[in-house]
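Work through the exercises below with the sequence and the coordinates at hand. Each task is followed by a worked solution.

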Amino acid sequence: MSKPVVEVESTRDRWTGSVAFVLAAMGSAVGLGNLWRFPVLAARHGGGLFLIPYLIALFAVGIPLLLLELGIGQKYQFNGYDTMAHVNKYAKGVGLAGALVGALLNSYYIPILAYSLVYLGHSFRQVDGQLPWSKDPAGFFFGEVLQISSGPDEQGYMVPAIIGCVVLSWVIVALCIFKGAKLMSKVVMVTMPLPMLCLFCLIIRAVSLPGAGDGLYYYVAGGPNSTPLSDFSVWVDAFGQIFFSLSLGMSIMTTYGSYNDKGKTTLVRDGLIIALGNSCVSLLAGVAVFGTFGYLAKVQGVPVEDVVTSGPGLAFVVYPYAIALMPGGLGTQAFFAVVFFIMLFTLGLDSAFSLIETLAAIVIDQIPRLSTGPKGLFLMQYATRENVALGLCFLSMFTSFGYATQGGLYYLDIVDYHLNLILALMGASTLFIVGWFFRGEGYEVPDVVENFKPFALSVVAKDLLNTENDTVALIWSGFVKYVSFPLVFMVQIFAWVQAGAVGQYGGDPAGGDGGPGWG
């Protein structure tokens, strides 16, 4: 018989309400990948046809795993590390590994936000009556902003503007999380709606530009060399986009779920809003991106496919160049430049602070059990929520400094490439453990005594999802065990095989996909 759950004190951080929770979770999910990766993947893989594997991935893996992470977090009221320990005492390493991978991802995610701040500052400048990057956008990005070295073997010096904006970005992240969920509840009321407002401004402008129709047709119908759905790489990209865009496998959603009241009954509804809202933002971002691509192609007199790019090349070369060519003069161009880079920064900000909050929650939840004896008095006095959060942000800031050097973009792309080859493994492990070896403390289920004996997840599904709907619980548990895990595992294996077939990393840090981990 399993041991009873150790209840967490009522002082645990809480969201101020369902709206704050949904906005925070959506803010973590919606990131740079929605803007600079999904639209290009869709166009590359058949336009509207890409929605077939994308939606299958969303409903077969994305939503079941999202509900799983939110559910176990809300049930056990702990961070990802301790929650997985409650699920199965042998599984706590999965929660910790996910959080550490997220922290590593954050080390290079913050420098991308720093690039946005650098460009935002330049948006208020003019050179010969034009935006600074108007004459040579690629030269401006690689030469003036990054001062990029000749390759990863040449680290070079720290670029002053980037290192300054890296520090500023970490300060902003620290200010967002140091007071916990109540402060984050207020922050997301601004940082989630603001980029959406900016996105709508860019959509309105994009569709009104000459040539926008050609770009949008390309987005919907796909390019002339679109990959057919029979190519398994299309499915790998679709599942990867869903998996990474929803911030799964990094203990984020488990931590965010733990800030809900334990008796919250709208978990399924909220999870669906988060997942579908994230996908809607991706689709809308494609309108802004490809409307602008169509305009740029018309101005240059080339086919749309010749201007399509993704990743940093889209965000910091192609799109700024398109803004610089917009009709209306310098004032209009500067306005949309400011809107675009504010949107980039705020899109990434919620994702960035969710990654460090996940790690902070693990540390904070260990303090009560360590607070015994003389050392315990020291911990209780100095290891406060504020000090832990600020201290982690301060230490994490130094992990970002390497990416602020002249060789930083190379390092960023290399680490991202390899990180994305292992991150889905975290989600697959969670699905496998919860689906087949759930040993949840507090459940009196006769057939779960042995730690490695499979059992029917449907027995506890209603409690984990906090729903009285038997059909929902049965469908969810069936997907977790028999659909979601096998699919993620199969896609992960194929991704590894594909990476091995391609060989060692040899990517293009400027014009590549900006791997799924960037979203």
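The exercises cover confidence, two helix lengths, one residue and one helix pair.

**Exercise 1. Confidence**

Task: In this predicted model, find which element has the lowest mean pLDDT and which the highest.

Solution: Start with the whole protein, where the mean pLDDT is 87 and 89% of the residues reach 70 or more. Among the elements, helix α17 (residues 373–382) has the lowest mean, 63, and helix α8 (residues 160–177) the highest, 97. Next take the stretches with pLDDT below 50. One is residues 1–9, with 20 contacts in the model beyond near neighbours in sequence. Another is residues 445–454, for which the corresponding number is 25. Where pLDDT is low, predicted coordinates should not be read in detail.

**Exercise 2. Helix spans and burial**

Task: Compare the end-to-end C-alpha distance of α10 with the span expected at 1.5 Å a residue, then do the same for α12.

Solution: Helix α10 (residues 193–207) has 15 residues, so at 1.5 Å a residue it should span 21 Å; its end C-alpha atoms are 21 Å apart, in agreement. Helix α12 (residues 232–245) has 14 residues and reaches 20 Å from first to last C-alpha, close to the expected 20 Å.

Now turn to burial. In α10, the buried residues are P195, M196, C198, L199, L202, I203, R205 and A206. Helix α12 is mostly covered, with 12 of its 14 residues buried; among them are D237, F239, Q241, F243 and F244. After α12 comes S247, which has a positive phi near 60 degrees.

**Exercise 3. The surroundings of A43**

Task: Decide whether A43 is buried or exposed, and list its contacts beyond four places in sequence.

Solution: First place the residue: A43 lies in helix α3 (residues 38–44). Its relative accessibility is 2%, under the 20% cut-off, so A43 counts as buried. Leaving aside neighbours within four places, A43 touches Y218, Y219, G222, G223, S226 and F290. The C-alpha atom of A43 is also 9.5 Å from that of Y217, although the two residues are 174 apart along the chain.

**Exercise 4. The α4 and α20 pair**

Task: At what angle do the axes of α4 and α20 cross, and which residues make the contact?

Solution: The axes of helix α4 (residues 51–76) and helix α20 (residues 458–465) come within 8 Å and cross at roughly 75 degrees. Therefore α4 is roughly perpendicular to α20. On the α4 side the contact is made by L67, G71, I72 and K75, and on the α20 side by D463, L464 and L465. Sorted by type, these residues are 4 nonpolar, 1 polar and 2 charged.

Definitions and conventions:
Residues numbered from 1 in each chain as written. Predicted model: local features only at pLDDT ≥ 70, side-chain atom pairs only at ≥ 80, totals over all residues. Heavy atoms only, no water. Helix = DSSP H or I, 4+ residues; strand = E, 2+ residues; numbered from the N terminus. Expected span 1.5 Å × (residues − 1). Buried < 20%, exposed > 50% of the residue type's maximum accessible area, 1.4 Å probe, protein only. pLDDT = per-residue confidence, 0-100. Contact = heavy atoms within 4.5 Å. Axes fitted to C-alpha atoms, helices over the stretch in contact; angles between N-to-C directions. Parallel < 35°, antiparallel > 145°, perpendicular 65-115°, else oblique. Nonpolar A, V, L, I, M, F, W, Y, C, P; charged D, E, K, R; others polar.
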